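Student: I have the sequence and the model open in front of me, and I would like to go through the open and enclosed spaces, the core and the strands with you. Could we begin once both are on the screen?

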Amino acid sequence: MEMRPWVVLLGLSLLPSLALAAGKCERLVITGSPDAPPLLWRDPQDPTHLIGATADVLQQVAKDLGVKIDLLYGGKRSMALDEVRSGRMDIFADAPLNHAELDNFDYIHPALVQSDYLVWTRKDSALAYATATDLHGFKGAVSERARLSREFDTLAEQHLTLQRFPTLTPAFQKLLLGEVDYVLAGRYSGMAMAQTLGMNNDLIARDTPVDQPGLYLAISHNSACNDPWLRGQLTKKMTELPGSGVTEAALQRNLERWKAQLQQPVGTPTQ
């Protein structure tokens, strides 16, 4: 069973957090997917914490609200979701909307991030893409870590030929070798990977997203911090974010941060 390093980090501070259940919560423990750069990934300098664009945006939101947050690694994605369901952690930062989970979470609308998944091809590809139906009959690839919408996953299972790889790296390598016709990848993660692998001059991303899953803040029903004040304030902040430029700036900053990390000799998680 995977160890939960955040447990030690929380230590005795858990008791004051629980004591705030009856009033405004001053401290939130947040987790999320540990393998979704440039949005979220484990800090190589401190693997008990998560870093990335989502972390930066949430730190700014918390500052505006006068609330302290710890953005901690809670294990692989399924384990981190369990930590939030139980209330041991308060919020999951990048949850796709899942109606089956409404008994466990309150989803804050609108989404924190709309994640654009693009169709990447070789620049000399004859594939004419405008909608997902144009991918019928072609061989595609995708990372197992991709967070595609439930609707698109259903469409893909029924109509597309998609090979799944552990990370984006082998998917792009297969594309360059001509063993697949296209790769589905996030706008920013695909851009960073193509540049890092030296494929930037050989690959192209089509402009129209094939899928745009929303990633939401999901507050546990079992969290001592889940109250109307917090939900209302977070909803207000999520509504203000799209026009603020904060998210876009954080994405660009963390895209460069992740690219620099990928170029380090020590291996780090990639999407």
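Student: How many nonpolar, polar and charged residues does the lining of the largest pocket have, by class?

Tutor: This is a predicted model, in which local features need pLDDT of at least 70 and side-chain atom pairs count only at pLDDT 80 or more, while totals for chains, interfaces and linings use all residues. Residues are numbered from 1 along each chain as its sequence is written, and side-chain values use heavy atoms, with hydrogens and water left out. On a 1 Å grid over the protein atoms alone, a pocket is an open set of points with protein on both sides within 12 Å along at least five of seven lines, and lining residues have an atom within 4 Å of a point. With Ala, Val, Leu, Ile, Met, Phe, Trp, Tyr, Cys and Pro counted as nonpolar, Asp, Glu, Lys and Arg as charged, and the others, Gly among them, as polar, the lining has 10 nonpolar, 5 polar and 10 charged residues.

Student: What volume does the largest pocket have, and which residues are the closest to its centre?

Tutor: A volume here is the space filled by probe spheres set on grid points joined across faces, edges and corners, and for the largest pocket this comes to about 590 Å³. Of the 25 residues that line this pocket, the closest to its centre are Pro 96, Leu 97, Asn 98, Leu 148 and Arg 150.

Student: Which element gives the largest share of the lining of the second largest pocket?

Tutor: Helices (H or I, at least four residues) and strands (E, at least two) are DSSP runs numbered from the N terminus. The lining of this pocket takes at least two residues from each of β7, α7 (187–196) and α9 (246–262). The largest share, 5 residues, comes from β7.

Student: Which element gives the most to the lining of the second largest cavity?

Tutor: A cavity is a set of points where a 1.4 Å probe fits but cannot get out, and the second largest one has a volume of about 70 Å³. Its lining divides into 12 nonpolar, no polar and no charged residues, including Leu 28, Ile 30, Leu 217 and Leu 234. The element that gives the most, with 4 residues, is α3.

Student: Which residues touch the most other members of the largest nonpolar core?

Tutor: A nonpolar core is a set of buried Ala, Val, Leu, Ile, Met, Phe, Trp, Tyr and Cys residues joined through side-chain atoms within 4.5 Å, where buried means under 20% relative accessible area with a 1.4 Å probe and protein chains only. The largest core has 54 residues, and those touching the most other members are Leu 28, Phe 172, Val 183, Leu 217 and Leu 234.

Student: Is β1 mostly covered or uncovered, and how many of its residues are buried?

Tutor: Two strands pair if DSSP finds at least two bridges between them; β1 runs parallel to β5 (residues 68–71), with 4 bridges, and parallel to β6 (residues 91–96), with 2 bridges. Both faces are covered, with Arg 27, Val 29 and Thr 31 on one side and Leu 28 and Ile 30 on the other. The strand is mostly covered, and the buried count is 5 of 5.

Student: Which strands stand at the edges of the sheet β2-β3-β4?

Tutor: These 3 strands form an open sheet with antiparallel pairing. Each edge strand has a single partner, so one side of each is left without a neighbour in the sheet, and these strands are β2 (35–36) and β4 (46–51).

Methods:
Buried means under 20% relative accessible area, exposed over 50%, partly exposed in between (1.4 Å probe, protein chains only).
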